[in-house]
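The questions below ask how certain labels are earned. Each reply sets a value against its cut-off.

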Amino acid sequence: MKGVGKRLFKDWIFKNPLGRRPSSHTTDEWKRIVEAVESAVPLYESISEAISFGLAGPLRRRAIGWLTIFKEGWTLDLGSGPGVSTRFLVSQGFQKVVGLDPSQRLLKFAKSSADSGFHPVVGVAESLPFRAEAFTSILTCFALRDVMDLSQSLLEISRVSRQDGRFAIVDIGKPDGRFRSRLVSLYIRFGMPLLARLLIRGRIPGNPFRMIIPTFERLVTNESLNVLVQREFGPSRLQEPLLGGLVVLEARRAGS
Ligand SMILES: C[S@@+](CC[C@H](N)C(=O)[O-])C[C@H]1O[C@@H](n2cnc3c(N)ncnc32)[C@H](O)[C@@H]1O
């Protein structure tokens, strides 16, 4: 399955010349984003928690709560990275969890701290190496903003979800209102990198959390994300904690 993931990723990259979609990351920027997460690994969870004002963990748990009715079926943790949400899923009794990520290094790290219910797969959201309707629940935490093609990723997520399956997103948000958007943007551009730097205290090279800035710049607004999810997946409910600087979206796959 790993090999398939890698092959599809290469095919996808070459078939989709980048820059075609205005909201996409360039390949170089995208690689730097993935490398930034890799280099942040030792401090990733604690600093993510701090820069989200202690909300990252509780919001992951809230999203997982929405998926709980399907904990016996196959669950996809999309963009699982170092496996923080995967660990929560497994500890909440989810029995068959697939963690998908383009980074082998991050998947290895996730595997080392998870138990036998965790299945790592190398791949990208834009071209998921799974059959249609393979999953009853899909979770993506702080990863959807990193994909290169959001619409294509949502189409793929919809394809691999069972009808009536559930999908939860937790991520940084971009509020629709001008005042809140300004405030959040100021925090992401200036407050967050400073706070991260103070917490890193030279323990890892540079400040990988600065890579959140370009991903924030390219984010669609919270309401636009909600509309896209409703269009590609099904009815959804948007929650906007921290003045909309974070989002939790819970969606149910519409039947055909
Ligand atoms: C900020 S980390 C989040 C990790 C984890 N989900 C969490 O909750 O902490 C974002 C992850 O998305 C992954 N990613 C980036 N582009 C992706 C893509 N196109 N498809 C799937 N995952 C992707 C990165 O490799 C990285 O591990």
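**Labels and their reasons**

Q: How do you know that strand 6 and strand 7 (residues 246–252) pair, and in which direction do they run?
A: In this predicted model, four bridges join strand 6 to strand 7, and the two run antiparallel. Pairing requires at least two bridges, so four bridges are enough. Within strand 7, L249 stands opposite L238.

Q: What makes strand 3 (118–122) and strand 6 (236–239) edge strands?
A: The open sheet has seven strands in the order 3-2-1-4-5-7-6, with mixed pairing. Strand 3 and strand 6 each pair on one side only, and this makes them the edge strands. On average, neighbouring strands of this sheet are turned by 15 degrees against each other, direction ignored.

Q: Why is F142 called buried or exposed?
A: F142 has 24 C-beta neighbours inside 10 Å. The cut-off for buried is 20 or more, so F142 counts as buried. F142 is in the loop between strand 4 (135–141) and helix 7 (150–160).

Q: Why does F53 count as buried, partly exposed or exposed?
A: F53 has 13 C-beta neighbours inside 10 Å. Exposed needs 12 or fewer and buried needs 20 or more, so F53 counts as partly exposed. F53 lies in the loop between helix 3 (44–51) and helix 4 (56–67).

Q: What is noted about phi of F53 and of F142?
A: Phi of F53 is near 55 degrees, a positive value in a residue other than glycine. Phi of F142 is also near 55 degrees, and F142 is not glycine either. Most residues other than glycine have a negative phi.

Technical notes
Residues are numbered from 1 along each chain as its sequence is written. This is a predicted model: local features need pLDDT of at least 70, side-chain atom pairs count only at pLDDT 80 or more; totals for chains, interfaces and linings use all residues. Axes are lines fitted to C-alpha atoms, for helices over the stretch in contact, and angles run from 0 to 180 degrees between N-to-C directions.
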